[in-house]
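This briefing is meant to be read alongside the sequence and the coordinates. It starts from one aromatic residue and then moves through the core, the ring pairs and the backbone.

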Amino acid sequence: MPFERSRSRVLAAVAALGLVTTPVTSASADGHERGPALLQCQGTESVAYSPGVTFRPRSFQVTTDGQFVSCVDTGGKVKSGTYGESFSLFAGCDDLLDGFTGRRTFRWSTGDASVAEIAGDSTAVAGQVVTTITGKVVEGRFEGRTVVEVITLPQPGALQCLTTGFTGATGVTTLTIT
């Protein structure tokens, strides 16, 4: 699935956060609260870069693999899910935090899927890259609902960026659909 650059470069397909454990509410267009989240999931995301990302910008392949091992669905049906993308990117270790847009398909334990139009931004916090993805489900289960995913991955080390390159990371991710 291709991602498009919204500022300059995109590698922030490196994303994730920590677990959301309390119900989330959101306001609808008429100002009334919708109620608790329809779906909350926690899991991991792994990202691989081939060849490794160095300080010198170059073209490389990015592969993401997300696994939601624990989901709470207000309908009681979705128990887990997955997502994954593979795309090419031209960047270096200094551009990994740039914003991005794209589509992400979440596949559920129920056998169906949700396709979301997403945008994301990443920040470096205490040795971690925290990526927040927001968007809307445009097809499938939860169509019309809002998506928020937060992914936290280890930040590339300067030594790796100076030598053979940063080749991947794994971290936690949470997903909330309201």
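Is Phe 68 buried or exposed? In this predicted model, Phe 68 has a relative accessible area of 1%, which is under the 20% cut-off, and therefore counts as buried. Phe 68 lies in strand E3 and belongs to one aromatic cluster together with Tyr 83, Phe 106, Trp 108 and Phe 142. Three members of that cluster, Phe 106, Trp 108 and Phe 142, recur among the residues that touch the most other members of the largest nonpolar core.

**The nonpolar core**

- The largest nonpolar core holds 33 residues, and those in touch with the most other members are Leu 39, Phe 106, Trp 108, Phe 142 and Leu 175.
- Two or more residues of this core come from each of the strands E2 (39–53), E3 (58–73), E4 (81–91), E5 (100–108), E6 (113–125), E7 (128–140), E8 (146–154) and E9 (166–177).
- Strand E2 supplies the largest share of the core, with five residues.

**Aromatic pairs**

- The structure holds seven aromatic pairs, and one of them joins Tyr 49 and Phe 60, whose ring centres are 6.0 Å apart with planes at 85°, so that the pair is edge-to-face.
- This pair links distant parts of the chain, since Tyr 49 belongs to strand E2 and Phe 60 to strand E3, eleven residues apart, and both residues are buried.
- Phe 68 and Tyr 83 form a tilted pair, because their planes stand at 45°, between the limits of 30 and 60 degrees, with the ring centres 5.5 Å apart.
- The pair of Phe 68 and Tyr 83 likewise links distant parts of the chain, with Phe 68 in strand E3 and Tyr 83 in strand E4, 15 residues apart.

**A buried glutamate and its tyrosine partner**

- Glu 45, which lies in strand E2, has a relative accessibility of 0% and so counts as buried.
- The side chain of Glu 45 makes a polar contact with the side chain of Tyr 83, at 2.4 Å.
- Tyr 83 is itself buried, at 4% relative accessibility, and thus combines this polar contact with Glu 45 with its ring pairing to Phe 68.

**Phe 142 and its surroundings**

- Phe 142 lies in the loop between E7 and E8, yet its relative accessible area of 13% is under 20%, so it is classed as buried.
- Leaving aside residues up to four places away in sequence, Phe 142 touches Leu 38, Leu 39, Asp 73, Val 78, Trp 108, Ser 114, Val 137 and Ile 177.
- Over the ring of Phe 142 sits the charged end of Arg 141, 5.8 Å from the ring centre.
- Phi of Phe 142 is near 70°, which is a positive value in a residue other than glycine.

**Other backbone features**

- Phi of Ala 126 is also positive in a residue other than glycine, with a value near 50°.
- Ala 126 lies in the loop between E6 and E7 and is exposed, because its relative accessible area of 79% is over 50%.
- Two residues with positive phi can thus be set side by side, with Ala 126 exposed and Phe 142 buried.
- The peptide bond from Ser 50 to Pro 51 is cis, with omega near -10°, and Pro 51 is found in strand E2.

How values were computed
Residues numbered from 1 in each chain as written. Predicted model: local features only at pLDDT ≥ 70, side-chain atom pairs only at ≥ 80, totals over all residues. Heavy atoms only, no water. Core = buried A, V, L, I, M, F, W, Y, C linked by side-chain atoms within 4.5 Å. Buried < 20%, exposed > 50% of the residue type's maximum accessible area, 1.4 Å probe, protein only. Helix = DSSP H or I, 4+ residues; strand = E, 2+ residues; numbered from the N terminus. Contact = heavy atoms within 4.5 Å. Polar contact = N/O pair within 3.5 Å; in protein donor to acceptor, adjacent residues only side chain to side chain. Phe/Tyr/Trp six-rings, centres within 6.5 Å; stacked < 30°, edge-to-face > 60°. Lys NZ or Arg CZ within 6 Å of the ring centre and 35° of its normal.
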